[in-house]
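Please look over the sequence and the structure shown below before reading on. The report that follows moves from a single residue to a helix and then to the chain as a whole.

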Amino acid sequence: MSKNKKILVISDTHGLVLPLKEIFEKHTDVTAIFHCGDSELMNFDPILKKVHIVRGNCDYDRTLPNELFIKIGQHKIYMTHGHMHGVKSSLDQLQERAKEMGAEIALYGHSHIAKANMMDDVLMVNPGSLAYPRSRKEKTYAIITLDQEQKHQVDFYHAGTNELLNLASD
């Protein structure tokens, strides 16, 4: 039986580099790192060297893609910032696009609200924001443990302390 893999998911860092560096140093055991946009950094910034990243509505680097589809082993992950899918009002468009791509996980940002929920067999995860959180005071990011039976575990962390938060999923 193969070992479960972990992915680190961050979003909406809005130019902050130090929190990224601290989080990357703490979580060296992750298989991949995903940034859901609004980094406000250039694609060639050294901090983003090993990061899968998409373009958010506050990003000026046109070399960043609007969406990514990544396979990690058998797991299919779709990522976008969310502003082009109206995620502040509904996750329906995002969920539909993830299903079109054959993804079991959809990663997004834009709303700055840490949240994880299942929608028609697609795990929808917003890691929150490292810069300007909404709906809670903690600046958050997520670690997703990819399970072979697709019973993935999403853990949210407080970026200031790197402590696990107890966020109720929908």
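## A residue in a loop

Does Ile47 count as buried or exposed? The model is a predicted one, and in it Ile47 has a relative accessibility of 17%, so Ile47 counts as buried, because buried means under 20% relative accessible area. Ile47 is not part of a helix or strand but has its place in the loop between E2 and E3.

Apart from its neighbours within four places in sequence, Ile47 is in contact with Val17, Leu20, Lys21, Phe24 and Leu41. Among these, Phe24 lies 23 residues from Ile47 in sequence, while the C-alpha atoms of Ile47 and Phe24 are 9.2 Å apart in space.

## The helix H1

Two of the residues that Ile47 contacts, Leu20 and Phe24, belong with Ile23 to the buried residues of helix H1, which covers residues 18–26. Seen down the axis of H1, these buried residues fall within an arc of 100°, and they therefore line one face of the helix. On the other side of H1, Leu18 and Glu25 are exposed.

What do the buried residues of H1 pack against? Their partners are four strands, namely E1 (5–10), E2 (32–35), E3 (51–53) and E9 (140–146). The loop that holds Ile47 runs between two of these strands, E2 and E3.

## The chain as a whole

The secondary structure of the chain comprises two helices and eleven strands, and from the N terminus on these elements follow one another in the order β-α-β-β-β-β-α-β-β-β-β-β-β. Of the contacts in the chain with a separation of 6 or more, 52% are between residues 24 or more positions apart.

The radius of gyration of the chain is 14 Å, which agrees with a compact globule, because a globule of 170 residues would have a value near 15 Å. Along its principal axes, the C-alpha trace of the chain spans about 35 × 30 × 30 Å. Buried residues make up 52% of the 170 residues in the chain.

## Surface and charge

The accessible surface of the chain comes to about 8600 Å², and carbon and sulfur atoms account for 48% of this surface. The chain carries 20 positive and 22 negative charges, and the mean position of the positive charges lies 3 Å from that of the negative charges.

Key
Residues are numbered from 1 along each chain as its sequence is written. This is a predicted model: local features need pLDDT of at least 70, side-chain atom pairs count only at pLDDT 80 or more; totals for chains, interfaces and linings use all residues. Side-chain values use heavy atoms; hydrogens and water are left out. The radius of gyration is taken over C-alpha atoms; the globule rule is 2.2 Å times the number of residues to the power 0.38. Buried means under 20% relative accessible area, exposed over 50%, partly exposed in between (1.4 Å probe, protein chains only). Contact means heavy atoms within 4.5 Å. Accessible areas come from the Shrake-Rupley method with a 1.4 Å probe; for residues, only the protein chains shown count as cover. Lys and Arg count as positive and Asp and Glu as negative; His and the chain ends are not counted. The place of a charge is taken as NZ of Lys, CZ of Arg, CG of Asp or CD of Glu. The arc is that of the directions from the helix axis to the C-beta atoms.
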